[in-house]
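Reader: Please show the structure, and let us then examine how its descriptions are justified.

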Amino acid sequence: MLLVQNGFSCRYEMDVFMRLFFDAQDDVEVYTNIAYSSNKIDAYCQIIYKGRVYFGEYTCDYEKSNDKEDSRRYSVACTRSFIDAAEKIHKVSLPWGAMCGVRPAKAVTSLVLKGYSYDDAKKYLAKVYGVSEEKCRLAAKVSENESKILASHKPDTVSIYIGIPFCPTRCMYCSFVSTDIRVSGKYIDDFTACLLKEIDYTSGMIKRLGLKIDNIYIGGGTPTTLNENQLFMMLEKINKSFDLSGIREFTLEAGRPDTITFEKLKTARSFNVNRISINPQTTNDKTLLKIGRKHTYSMFKDAFFMARKAGFDVINTDLIAGLPGESAADFKKSIDDILMILPENITVHSMCIKRAANLRHTENKLTEADVMNEMLSYAQNTLSGFGYTPYYMYRQKNISGNLENVGYSRGDTMSFYNVNIMEEIQTIIALGGGGTTKIVTDNGIDRIFNFKDPLEYIRNFNEIINRKKKTEDILAKGGAV
Ligand code: SF4
């Protein structure tokens, strides 16, 4: 694919949209041109594809403001003129219009900070980016909910993330840091021993810095891959080492129902874990088998009710729209099934569509993106009918379709930690395998990575401690915000 831009260059944004319409190996040439005069932006695009030329244009009123805003508006004008031309070649479903970022709610928040009402912000998204009415509503609601959560942020606090990079088997679509215990199970004992030392070191560091722990999140992987004894040792260590008196959320991402036992749940509750995630992904057993998860929907329900019995009153369940072989009807059934048990939080993920060809219309056939939109739209509307509200959302970078993952909550159960991950307003200190420490100070954000592979983590444990020392230095100089 060839791209030539005159007047203004926005290669990153153009790449995102070119990949939605064309495959990397397609023989296509794209030329854009932009002009600004008399408070007007005029953008033109010419696409040469398979020997034919297609033209597109986009015009809007715009009064120059500042460099950042000017760049944003020029880049939207270029991409919209490209979309205008490209749609003459293929039809592609673009519910987010020409919006490019991974956090659409942020656009609404920045408009609200400039004095827009939420209604006016929605109108802006529709007019400037061509966002559908449904997605405008979603972005505005997420922004509104996020703002409420962010307002509760207390200074001089940190969150702790503990990564347990083991799973009983590997799911077909997994993009996380995790190893199958059939291969790496022999390292769990040594991994746990190192983790206990890392917890010790980190607790000293937090005390020296005079910080308070706000949230603890144990994720992975699947933390409940640890056996009863290993889980007990980790939770006991956390409770003994950290001052948990000011803690708001203590989450255990149990994830896979096939790793959950009543004893593990009771242990977690006895150590003050107050949120848990148990994830079916789908309620269709055939799909579960196909994607490599060794559990059924019935096992999920057993684990869910076991968690209730153990005393968990905030349970999250993840579902994925667009799993291989699933129709819109299958996904809708998963939503309906989950609503029979009413978890407090439901997170709806979008399966990635990696090939542009899968997004385009062929004769009379809906594209995968249309089906995905139908699924996500069903989730949004049905969940809202049951009292759920969307409170965090992100889109996946570099993935065709530009679709979103949304966290919904019911009642007063929105998770600060989940919003913080998106908005990066509080330092998160990562322990264990695969996590990234994000240090948020007055000087900006620094990132320090932990080793992903359990064996690397064990063998290089001294380096893990060195990286904690570096974290302490940065926090001591910058001051946690
Ligand atoms: S449970 Fe999650 S982390 Fe584990 S293999 Fe499946 S997708 Fe990956």
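**Strands, a helix and a ligand shell**

Author: In this predicted model, strand β13 (residues 388-395) and β14 run antiparallel and are joined by seven bridges. Within that pairing, M393 stands opposite V406 in β14.

Reader: What makes β12 and β14 a pair?

Author: Pairing requires at least two bridges between two strands. Four bridges join β12 to β14, and the two run antiparallel, so the requirement of at least two is met. T347 has G407 of β14 as its bridge partner.

Reader: Why is strand β14 (residues 404-410) called mostly covered?

Author: Five of the seven residues of β14 are buried. A residue counts as buried if 20 or more other C-beta atoms lie within 10 Å of its own.

Reader: How do you know that the span of helix α12 (residues 328-339) is close to the one expected?

Author: The expected span is 1.5 Å times one less than the number of residues. For the 12 residues of α12 that gives 16 Å, and the helix reaches 17 Å from its first C-alpha to its last.

Reader: Why are the buried residues of α12 said to line one face?

Author: The buried residues are F331, S334, I335 and I338. Seen down the axis of α12, they fall within an arc of 95 degrees, so they line one face of the helix. Their cover includes β11 (315-321), β12 (345-350) and α13 (368-385). The face turned away from this buried side carries the exposed residues A329 and D336.

Reader: What makes up the shell around the ligand?

Author: Its residues divide into four nonpolar, five polar and two charged. Among the residues surrounding the ligand are C167, R170, F176 and R256.

Definitions and conventions: Residues numbered from 1 in each chain as written. Predicted model: local features only at pLDDT ≥ 70, side-chain atom pairs only at ≥ 80, totals over all residues. Buried ≥ 20, exposed ≤ 12 C-beta atoms within 10 Å, placed from the backbone. Arc of directions from axis to C-beta. Contact = placed C-beta atoms within 7 Å. Near = placed C-beta within 6 Å. Nonpolar A, V, L, I, M, F, W, Y, C, P; charged D, E, K, R; others polar.
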